[in-house]
Amino acid sequence: MSRKPFIAGNWKMNMTAESGTQLIKELIPLVKDANCDVCLCVPAILIPAMTKASAGTNIHIGAENVHWANSGAYTGEISADMLKEYGVKYVIIGHSERRQYFGETDETVNKRTLTALNAGLTPIVCVGELLEERESGKTNEVLDRQLKDGLNGIDDVTKIVIAYEPVWAIGTGRTATDEQAQKTIAYIRKKIGELFCPKCAEKIVIQYGGSMNAGNCKGLMAQPDIDGGLIGGASLKLDFAKIVNFDK
Ligand code: PGA
């Protein structure tokens, strides 16, 4: 089964309306012939300006988080309807920085994911182990828990994207080797087969994330189970276009 590659950027808490608009302007001609789906997940306040900057192009704009409630007394939070009003299609859920600094748990990841799916958004659900978990041989155990609890109750798991991001590789310049990333993502795919169905496992798009850049993207993307990338640092510059064009 062929899965369409999907390269997404994660700007995190970087860029302004002005610098973001400029970057998108420069990226548009560079990524217009991409053979993959392309998305930039940006801070919520930049969504209107970035949607405008990318209108009519193949660059989708995504969000970096979404709340599970439809509306209500949740100061500082953003609802799925608010995102959809601006044409947002994708939303990152459960990024390790949210888990580490903002109390995100598998349970809240699950609630956000179900709400996003209900609203017709495509969640990019992040999973991945800490360095000490990898070193103590607990990677699969951690992934089992994140997948089972985080994806609990999903009707059609092929409507989500999974981003495997080993926490020790994020923003550290220490990328997982092609083999490490392939092996772990193959494990995640197998687990999706067990938790959902073998056909779902074949169909679901799974990205790698963690210091992916213009230099290492080809090797990672050549792995049979790696369908794309979630790109942090390298999505803040024109290098992002080189990753999008990994197959050229
Ligand atoms: P990085 O971030 O590419 O800067 O390592 C990836 C991510 O956190 O999604």
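Two strands pair if DSSP finds at least two bridges between them. Helices (H or I, at least four residues) and strands (E, at least two) are DSSP runs, numbered from the N terminus. This is a predicted model, in which local features need pLDDT of at least 70 and side-chain atom pairs count only at pLDDT 80 or more, while totals for chains, interfaces and linings use all residues. Residues are numbered from 1 along each chain as its sequence is written, and side-chain values use heavy atoms, with hydrogens and water left out.

**Exercise 1. Follow the strands**

Task: Find which residue stands opposite Tyr90 in strand 5, then work out the order in which the strands close into a barrel.

Solution:
- Step 1. Begin at strand 4, residues 90-93. Its pairing with strand 5 (residues 122-127) is parallel and runs over 4 bridges. Thr122 is the residue opposite Tyr90.
- Step 2. Now look to strand 3 (residues 59-63), which pairs with strand 4 in the parallel sense over 2 bridges. Here Ala63 faces Val91 of strand 4.
- Step 3. Move on to strand 6 (residues 161-164): strand 5 pairs with it in the parallel sense, over 4 bridges. Cys126 has Ala163 in strand 6 as its bridge partner.
- Step 4. Put the picture together: 8 strands close into a barrel in the order 1-2-3-4-5-6-7-8, with parallel pairing. On average, neighbouring strands of this sheet are turned by 25° against each other, direction ignored; the axes behind such angles are lines fitted to C-alpha atoms, for helices over the stretch in contact, and angles run from 0 to 180 degrees between N-to-C directions.

**Exercise 2. Look at both faces of strand 4**

Task: Decide whether Tyr90, Val91, Ile92 and Ile93 are buried or exposed.

Solution:
- Step 1. Recall the cut-offs: buried means under 20% relative accessible area, exposed over 50%, and partly exposed in between (1.4 Å probe, protein chains only).
- Step 2. Check one side, where Tyr90 and Ile92 are buried. Val91 and Ile93, on the other side, are buried too, so both faces of the strand are covered.

**Exercise 3. Sort the cysteines**

Task: Find which cysteines a disulfide joins, and explain why Cys36 has no such bond.

Solution:
- Step 1. A disulfide is a pair of cysteine sulfur atoms within 2.5 Å. The structure holds 1 disulfide, and it joins Cys197 to Cys200, with an S to S distance of 2.2 Å.
- Step 2. Compare the two ends: Cys197 is partly exposed at 26%, whereas Cys200 is buried at 13%.
- Step 3. Turn to Cys36, which is buried at 5%. Its closest cysteine sulfur, in Cys217, is 10 Å away, so the distance is too far for a bond.
- Step 4. Cys126 is in no disulfide either, as the nearest cysteine sulfur, that of Cys41, lies 8.9 Å away. Cys126 is buried, at 2%.

**Exercise 4. Classify a ring pair**

Task: Work out how the rings of Tyr101 and Phe102 are arranged.

Solution:
- Step 1. Rings of Phe, Tyr and Trp (its six-membered ring) pair if their centres lie within 6.5 Å; planes under 30 degrees apart count as stacked, over 60 as edge-to-face and the rest as tilted.
- Step 2. By this rule there are 3 aromatic pairs. In the pair of Tyr101 and Phe102 the centres are 6.4 Å apart and the planes stand at 85°, so this pair is edge-to-face.
- Step 3. Add the surroundings: Tyr101 is exposed at 55%, and Phe102 is exposed at 53%.
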